[in-house]
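Hi,

Here is the structure I promised to pass on. Have a look at it first, then read on for what turned up.

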Amino acid sequence: MAGLIKIGKFAANKIANKNSLGVIIRSASHWNKDWKPGPYPETQAEREAAAKKYGIPIEDYKTYENDGTGHGDYPKLDDISVERRDPYYPYDFPESKRNFGDVYHVDADLYSEDRYNNSQQRYSMKFMVLSFLTVIGASAAIYIFLEDYKTFRPVAAKQFPRDGKVHYTFEAPH
């Protein structure tokens, strides 16, 4: 990847020397330091600064445990999947049901609309498993009990040429 970027910058410099407008190439090989969470807040002032940084009221601001996962001062949000959010609210980004400036969940890729849904299900897990096993069991029973009764296409026997038997002729009918 770094080699491709170097080739791109080299080509841009060659083109920029001939072009008065120049060419701008963004180097995507560096990490944006603004996305990195700050250090774990130890004092109340650090907690207030982190809550202000993420736009969360100080009474609602909770952090993950400082267990070395690297979450730092990132807020611990409730585990709410996208399907649990109000579908009729006028979101800024309706395809992901988010507003501008909303803080992403640490596991945002898990709780997107095409992934895990942690909302209350219509039926219990026990009922769903029993229904599945009932359908599979009934299908297996039907297959096992009807295995001896084969179905076939009612077709006449194949017509092979034999001595003394004419199946077709090229003569005109009488």
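Gly38 sits in the loop between H1 and H2. With a relative accessible area of 16%, Gly38 is buried, because anything under 20% gets that label. In space, the C-alpha of Gly38 is 5.7 Å from that of Gly72, though 34 residues separate the two in sequence.

Before I go further, please keep in mind that this is a predicted model.

Now the overall layout. The protein chain has 3 helices and 0 strands, so read from the N terminus the order is simply α-α-α. H1 covers residues 2–18, H2 covers 44–54 and H3 covers 125–145. Of the 174 residues in the chain, 13% are buried.

Back to the loop between H1 and H2, which is also where you'll find Glu42. Unlike a buried residue, Glu42 counts as exposed, because its relative accessible area of 60% is over the 50% cut-off. Glu42 also has a partner from further along the chain: its C-alpha lies 9.6 Å from that of Asp73, and the two are 31 residues apart in sequence.

Asp73 comes up again in the salt bridges. How many are there in the model? The count comes to 2.

The salt bridge that involves Asp73 has Lys53 on the other side, with 3.6 Å between the closest N and O atoms. This pair links distant parts of the chain: Lys53 belongs to helix H2, Asp73 belongs to the loop between H2 and H3, and they are 20 residues apart. Is each end buried or exposed, or something in between? Lys53 is partly exposed, at 46% relative accessible area. Asp73 has a relative accessibility of 6%, so it counts as buried.

The other salt bridge joins the side chains of Lys97 and Glu113, again with an N to O distance of 3.6 Å. Both residues lie in the loop between H2 and H3, so this contact ties together parts of the chain 16 residues apart in sequence. Here the Lys is the buried end, as Lys97 has a relative accessibility of 9%, while Glu113 is partly exposed at 36%.

Lys97 is worth a look for its backbone too. Its phi is near 50°, a positive value in a residue other than glycine.

Another residue in the loop between H2 and H3 is Arg84. Its relative accessible area is 45%, so Arg84 is partly exposed. If you put a distance on the C-alpha atoms of Arg84 and Asn117, you should get 7.9 Å, for residues 33 apart along the chain.

Next, the pocket. The largest pocket holds about 570 Å³ of space. Its lining is made of 26 residues, and those closest to the centre are Leu77, Arg85, Val103, Tyr104 and His105. What kinds of residue make up that lining? They divide into 12 nonpolar, 4 polar and 10 charged.

Last, the surface. There is a nonpolar patch of about 800 Å². The residues that make this patch are Tyr123, Met125, Phe127, Met128, Val129, Phe132, Leu133 and Ile136. Leu133, one of that group, is found in helix H3. Leu133 is partly exposed, with a relative accessible area of 49%, which puts it between the 20% and 50% cut-offs.

If you'd like a quick route through the model on screen, here is how I'd go:

- Start at Gly38 and Gly72, with their C-alpha atoms 5.7 Å apart.
- Go on to Asp73, which pairs with Lys53 in a salt bridge and whose C-alpha is 9.6 Å from that of Glu42.
- Then take in Lys97, for its salt bridge with Glu113 and its positive phi.
- Find the largest pocket by way of residues closest to its centre, including Tyr104 and His105.
- Finish on the nonpolar patch, with Phe132 and Leu133 among its members.

Shout if anything here is unclear.

Cheers

Terms used
Residues are numbered from 1 along each chain as its sequence is written. This is a predicted model: local features need pLDDT of at least 70, side-chain atom pairs count only at pLDDT 80 or more; totals for chains, interfaces and linings use all residues. Side-chain values use heavy atoms; hydrogens and water are left out. On a 1 Å grid over the protein atoms alone, a cavity is a set of points where a 1.4 Å probe fits but cannot get out, and a pocket is an open set with protein on both sides within 12 Å along at least five of seven lines; lining residues have an atom within 4 Å of a point. Grid points are joined across faces, edges and corners, and a volume is the space filled by probe spheres set on the points. Ala, Val, Leu, Ile, Met, Phe, Trp, Tyr, Cys and Pro count as nonpolar, Asp, Glu, Lys and Arg as charged, and the others, Gly among them, as polar. A salt bridge is a side-chain nitrogen of Lys or Arg within 4 Å of a carboxyl oxygen of Asp or Glu. Helices (H or I, at least four residues) and strands (E, at least two) are DSSP runs, numbered from the N terminus. Buried means under 20% relative accessible area, exposed over 50%, partly exposed in between (1.4 Å probe, protein chains only). Patches are made of residues with over 30% relative accessible area and no salt bridge: like charges are joined within 9 Å, nonpolar side chains (Val, Leu, Ile, Met, Phe, Trp, Tyr) within 5 Å. Accessible areas come from the Shrake-Rupley method with a 1.4 Å probe; for residues, only the protein chains shown count as cover.
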